[in-house]
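Here's a quick walk through this model, from the overall numbers down to a few individual rings and turns. Keep the structure open beside you as you read.

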Amino acid sequence: MNTFRSVIVYLMLALFAGACSLRAQAQAEASAAPPCDCAAVDRMKAKIETMEKKLNDWPDSAHYREESAKLAAPREGEQRVVFMGDSITDMWVLPKFGGFFPGKPYIGRGIGGQTTPQMLLRFREDVILLRPKVVVILAGTNDIAGNTGPITIEETEGNLASMAELARVNGIRVVLSSVLPVSNYGFDGGGKPVDMRIKRPPEKVLELNAWIRKYAAVNDHVYLNYFPAMADEHGLLKKELSEDGLHPNAAGYAVMAPLAEKAIQSALREIPASSFGNQHSVSVARQTEQEQLLELYGLYYPEPDFGVQGSGESGLVISQDAKPIPPKVTDPDAPTLPGLHVNGRHFEFAWSRLTLQGFAFRTVIVDGYEYSFEGMFEREQVDVIPDVPYLAGVLTKKRNTHVLQRTKMRFGHAVIL
């Protein structure tokens, strides 16, 4: 028994000694270890909280919930407009950018970093339930960047189409905005140069914009084309309009605001979307003949040019109902009046014939000169935009009824990106 007790006491003393040794070792290691990086811990904690929030509410539907609950229903006659988008829309309301359409019943519903699938999921709460007359949708740049994972251009197009369809069946008129250009001119928050083209290749931006423009035209939505006014001669976001090459600054928003206002007023003048009943959106591949003809109107540049440099703009203008076409933002001197423009001289059509297959015309006589043309429409790809029309045929120049010249001529469509 005494021997057994001795063994127990020995084991207890050994365990106690071991524990003391481990405690001393831990204290020594703790005193030798560097102090805790509390800032890093705080950053990690914030990151975990953000991840948890995304898991619980991926589209961030609660972002504007309290703010929307405080909004009264639109007053009678109120032309309420909701801007749906990402950080470009979200930042627009900041006071440093000059105010968000002061005095107008316009509501911003942008959330930084968001992609079109997230916007589609919160569209009912942040747009439909606010009962606007018009929704202005600006989205897609973060899809291209892959902010919420890989997504194809076709999937982005589908999300934009779904938002437009939801708006239409709820009596809301739709303004679809072009994606803004990006650049490598800007700097990040630390002052280091940043190239926004890496995650947002300009050719992808052009491809998506081409689809948005065509989808809007086919489905009678308003296309808000920010791109030409925001891009420089290289197709990049103008240096003076952004600090980081992605987000507009005060000068950038000053350029965008009147374009948005013009598009909104255009949408408000249209027949209310609710009057279309259950009209379905049309795939860009299923156009009627009239819709296909609409694509043939516009400005065409002669290739080769008419030959006299510096003597004025040249071009062929085909318009609907003989009305002037809108001026090109990127080429303010380009012709807008229907007819043939030769070195700044305008020859009106005396006769013309337009079909899906081709175009023919004869001009009025100016100082004894007149032109006639007969050609066929063909299609080509311009940059990344497919199926751009052009005319190929023979142009005849006469003076006092005598033929002076016959030239094989190609007229290329002036595509508005």
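A residue is called buried here if its relative accessible area is under 20%, and exposed if that value is over 50%. With that in hand, 42% of the 417 residues of the chain count as buried. Keep in mind that this is a predicted model.

**The chain overall**

The chain has 12 helices and 14 strands. It exposes about 22800 Å², and 56% of that comes from carbon and sulfur atoms. Take the contacts between residues at least 6 apart in sequence: 65% of them join residues at least 24 apart.

**The parallel sheet**

Let's start with the five-stranded sheet. It's open, paired in parallel, and ordered S2-S1-S3-S4-S5. Strand S2 (106–110) and strand S5 (222–224) are the edge strands, and each has a single partner strand, so one side of each has no neighbour in the sheet. From one strand to the next, the twist averages 20 degrees.

Inside this sheet, S1 (residues 81–85) runs parallel to S3 (residues 134–138), and five bridges hold the two together. To find the register, look for Met84, which sits opposite Ile137 in S3. Helix H8 packs on this sheet, where it touches S1, S3 and strand S4 (173–177), and its direction makes about 175 degrees with that of S3. Helix H9 (residues 202–218) lies across S4 and S5, running at about 155 degrees to S5.

H8 is worth a second look. It covers residues 153–169, 17 in number, and spans 25 Å from first C-alpha to last, close to the 24 Å expected at 1.5 Å a residue. Which of its residues are buried? Ile153, Thr156, Glu157, Asn159, Leu160, Ala161, Met163, Ala164, Ala167 and Arg168 are. An α-helix has 3.6 residues a turn, so residues three or four places apart point the same way. After H8 comes Gly171, with a positive phi near 75 degrees.

**The antiparallel sheet**

The other sheet to look at has nine strands. It's open too, with antiparallel pairing and the order S9-S8-S7-S6-S14-S13-S12-S11-S10. Strand S9 (345–347) and strand S10 (349–354) stand at its edges; each has a single partner strand, so one side of each is left without a neighbour in the sheet. Neighbouring strands here are turned by 25 degrees against each other on average, direction ignored.

Here are three of the antiparallel pairings, each with one pair of facing residues that you can pick out in the viewer.

| Strands | Bridges | Facing residues |
|---|---|---|
| S7 (residues 315–318) and S8 (residues 339–342) | three | Gly315 and His341 in S8 |
| S6 (residues 298–303) and S7 | three | Leu299 and Val317 in S7 |
| S6 and S14 | four | Tyr301 and Gly412 in S14 |

**A turn with two positive phi values**

Now go to the loop between strand S13 (385–399) and strand S14 (402–413), where you'll find Asn400. Its phi is near 50 degrees, positive in a residue other than glycine. Thr401 belongs to the loop between S13 and S14 as well, and has a positive phi of about 70 degrees although it isn't a glycine.

Are these two residues buried or exposed? Asn400 counts as partly exposed because its relative accessibility is 48%. Thr401, at 62% relative accessibility, counts as exposed.

**Aromatic rings**

The structure holds 18 aromatic pairs. One of them is Phe359 with Phe361, a tilted pair with 5.8 Å centre to centre and 40 degrees between the planes. Phe359 counts as buried because its relative accessibility is 3%, and Phe361 counts as buried at 1%.

Phe361 also pairs with Phe373, and that pair is stacked, at 5.7 Å centre to centre with 25 degrees between the planes. Phe361 lies in strand S11 (residues 358–363) and Phe373 in strand S12 (residues 369–382), so this pair links parts of the chain 12 residues apart. Like Phe361, Phe373 is buried.

Last, there's a cluster to look at. Ring pairs link Phe83, Trp92, Phe97, Phe100, Phe101, Tyr106 and Tyr253 into it.

Definitions and conventions. Residues numbered from 1 in each chain as written. Predicted model: local features only at pLDDT ≥ 70, side-chain atom pairs only at ≥ 80, totals over all residues. Heavy atoms only, no water. Pairing = 2+ DSSP bridges. Axes fitted to C-alpha atoms, helices over the stretch in contact; angles between N-to-C directions. Buried < 20%, exposed > 50% of the residue type's maximum accessible area, 1.4 Å probe, protein only. Contact = heavy atoms within 4.5 Å. Areas by Shrake-Rupley, 256 points an atom, 1.4 Å probe, with all protein chains shown as cover. Expected span 1.5 Å × (residues − 1). Phe/Tyr/Trp six-rings, centres within 6.5 Å; stacked < 30°, edge-to-face > 60°.
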